[in-house]
Amino acid sequence: MDQLQQEVDPSEVGLDPAALDRLDRFFARRVNDGLLPGYLVSVSRHGRVAHLTSYGLRDREAGLPVTTDTVWRLYSMTKPVASVAALMLHEEGLLGLDDPVSRHLPAFADLRVYESGAGDDLRTRPADGPLLVRHLLTHTAGLTIGAYRTHPVDALYRAAGVDIQAPDGADLAEACEVYARLPLQFEPGTQWNYSVATNVVGRLIEVVTGRPLDAFLAERIFAPLGMTDTGFWVSGERADRLAVLYEEDAQDKDGGIVPVPGPPVHERPRLLSCGGGLVGTAGDYHRFMEFLRRRGELDGVRLLSPDTVDTMATNHLPADLHAFGSKPIHGQPGNAGLGFGLGVSVVVDADRTPSPESEGSYGWSGAGGTTFWVDPRNDLTVQFMTQVRPAGMLSFHELKTFVHEALGG
């Protein structure tokens, strides 16, 4: 597949070059100040790349620059890809949104829900109703992540070895068996909590197709969309293009960063994580964004109907994320004005969002400092790639502000 490249001057598609220049200068200063290793940002309008900048290093120790073919750990930007796969199976009649998960994964048949207490005094009760596929896609399943440390059920996850993804050495099937044995934080469908739910979606894909998850995604999404550099691991020359992962240096009072190993990605992992396991290039993710912007089709290849993409990008929550008492996700401040669709956040009230956004915009971010969104109202797609944890070091408020200004906001 051809490399990602700028295709049109910003002014030709109604974008202000001065605002985009301010965007570049802001993030370049963060690189120069040692807060970011390097970054890539692309802004496309009407299907043409109008702004593309790479700056800094993908590997500071080796002096290797960020390039358009740099491979990034996508972390939770995996989730929208997995959601598209599940919706493809929904259109084929293999996976209903209102299917009980236990129809395909029997371990989820007799779920219990947290009632009160903690530790040895924690009490549960039988769930009132079944866990549905749509609960997984909207993060209203009642599942959680042990690393949160905000709820008594979180402690049970940690005790079971599920700090972030799954017990060490577990594959998707084994991980889901562990999740199913743990109590839910709340009755499915009644609250929102970001969780391991998308890993369960990945296991559903394997069960209903009879295919390994990586093979299914490669054959049904990556190959048709021309996403030639995306997968769950890297090898050969692609491994040479992998960006180093950095994190905040706790010993540096000035807020510097140091390299860290990150999840192993140099061979096929045992856990094919739909929650955050993919690696890929900005060029590949640009094609995925454009597929969404075009409502399920790219270069004559249609994977989803327009109506299904519209459903994916429509809020499915009865209130916004903040009203559910959710935590800031990936370090971004607050969730006011946002709802959640099927695998993506959705702007439902642009007047309330912490950053300037257009109503109906949708997307998601990754824990390594990556983010993307599709703005149907302005026919826009945006992505930002870097590799630094925690993502709270990198506020996307400025990114959204500069893009908003470029649109004349």
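Two strands count as paired if DSSP finds at least two bridges between them. Helices (H or I, at least four residues) and strands (E, at least two) are DSSP runs, numbered from the N terminus.

The model is predicted: local features need pLDDT of at least 70, side-chain atom pairs count only at pLDDT 80 or more, and totals for chains, interfaces and linings use all residues. Residues are numbered from 1 along each chain as its sequence is written, and side-chain values use heavy atoms, with hydrogens and water left out.

**Exercise 1. Identify the partner strands of β7 and the residues that stand opposite E247.**

Solution. Step one: β7 (residues 245-248) pairs with β8 (residues 257-260) in the antiparallel sense, over 4 bridges. Step two: β7 is also joined to β17 (residues 388-389) by 2 bridges, and these two strands run parallel. Step three: E247 faces V258 in β8 and R389 in β17.

**Exercise 2. Give the strand order of the open sheet of 8 strands and determine which strands stand at its edges.**

Solution. Step one: the order is β3-β2-β1-β16-β15-β14-β13-β12, and the pairing is antiparallel. Step two: β3 (64-65) and β12 (338-340) each have a single partner strand, so one side of each lacks a neighbour in the sheet. Step three: the antiparallel pairing of β12 with β13 (residues 345-347) extends over 3 bridges, and L338 has V347 of β13 as its bridge partner.

**Exercise 3. Describe how helices α9 and α11 pack on the sheet.**

Solution. Step one: contact means heavy atoms within 4.5 Å. Axes are lines fitted to C-alpha atoms, for helices over the stretch in contact, and angles run from 0 to 180 degrees between N-to-C directions. Step two: α9 (residues 282-293) touches β1 (38-45), β2 (48-59), β14 (362-366), β15 (370-375) and β16 (380-385), and its direction makes about 155 degrees with that of β16. Step three: α11 (residues 397-406) touches β1, β15 and β16, with an angle of about 30 degrees between its direction and that of β15.

**Exercise 4. Characterise the packing of α2 against α9.**

Solution. Step one: the axes of α2 (residues 78-91) and α9 come within 12 Å and cross at roughly 50 degrees. Step two: angles under 35 degrees count as roughly parallel, over 145 as roughly antiparallel, 65 to 115 as roughly perpendicular and the rest as oblique. The two helices, α2 and α9, are therefore oblique to each other. Step three: P80, V81 and V84 of α2 make the contact with Y285, F288, F291 and L292 of α9.

**Exercise 5. Analyse the salt bridge between E357 and K400, and state whether each residue is buried or exposed.**

Solution. Step one: a salt bridge is a side-chain nitrogen of Lys or Arg within 4 Å of a carboxyl oxygen of Asp or Glu; the structure holds 22 of them. Step two: the side chains of E357 and K400 meet at 3.2 Å, N to O. Step three: E357 belongs to the loop between β13 and β14 and K400 to helix α11, so the pair ties together parts 43 residues apart in sequence. Step four: buried means under 20% relative accessible area, exposed over 50%, and partly exposed in between (1.4 Å probe, protein chains only). With 16%, E357 is buried, and K400 is buried with 19%.
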